[in-house]
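Colleague: Please give me a close look at one part of this model, the largest pocket. Which residues line the largest pocket?

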Amino acid sequence: LVALLPVASPHVWLHLGQILNGLAGPVSAAVAPAFAAVWFPTEERTFATSLVWTCQSAAPSLGFAVALAAESAKGLLWILFAEAASAIAACLLWAFAVPALPLSAPSLSAA
């Protein structure tokens, strides 16, 4: 798919970014119910799923609002670097600080 994009076009990175964003959509949609099924008892799964979905919606909205505060291209670049650094930090924290499974199963279906 990337080979179809003309390399000389200034929009190559825009298209590539949209393709990557589209590929990540199904993955992020499946994370919330899977996470809730493993970590929360049955009566709390709906709340946990809705909390994850709310965070997934609020984060891009917050990023958009913060980007509006940029007064120059250099300021916007620093905001993008800060967003990337916070995403990397969150991924590293999740990878190294959160165990794969809880110490005790919250319900029989999670066991």
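Modeller: Confidence in the chain is lowest in α1, with a mean of 85, and highest in α3, at 90; the score is pLDDT, the predictor's confidence in each residue, from 0 to 100. Helices here are DSSP runs (H or I, at least four residues), numbered from the N terminus. The chain as a whole has a mean pLDDT of 84, with 88% of its residues at 70 or more. This is a predicted model, in which local features need pLDDT of at least 70 and side-chain atom pairs count only at pLDDT 80 or more, while totals for chains, interfaces and linings use all residues. Residues are numbered from 1 along each chain as its sequence is written, and side-chain values use heavy atoms, with hydrogens and water left out.

Now the pocket itself. A pocket is an open set of points on a 1 Å grid over the protein atoms alone, where a 1.4 Å probe fits, with protein on both sides within 12 Å along at least five of seven lines; lining residues have an atom within 4 Å of a point. The largest pocket has a volume of about 460 Å³, that is, the space filled by probe spheres set on the points, which are joined across faces, edges and corners. Its lining consists of S28, V31, F35, W39, V52, Q56, A87, A90, C91, L93, W94 and A100. At least two of these residues come from each of α1 (12-39), α2 (45-67) and α3 (73-97), and α3 gives the most, with five. By class, the lining has ten nonpolar residues, two polar and no charged ones; Ala, Val, Leu, Ile, Met, Phe, Trp, Tyr, Cys and Pro count as nonpolar, Asp, Glu, Lys and Arg as charged, and the others, Gly among them, as polar.

V52 of the lining is also one of the buried residues of α2, the others being R45, A48, T49 and G63; buried means under 20% relative accessible area, with a 1.4 Å probe and protein chains only. These buried residues pack against α1 and α3, where contact means heavy atoms within 4.5 Å.

Q56 lines the largest pocket and also the second largest, which holds about 310 Å³. Beside Q56, the lining of the second largest pocket includes A59, P60, G63, F64 and E83. Here α2 gives the most, with six residues, and the classes are seven nonpolar, two polar and one charged.

Technical notes
Helices (H or I, at least four residues) and strands (E, at least two) are DSSP runs, numbered from the N terminus. Buried means under 20% relative accessible area, exposed over 50%, partly exposed in between (1.4 Å probe, protein chains only).
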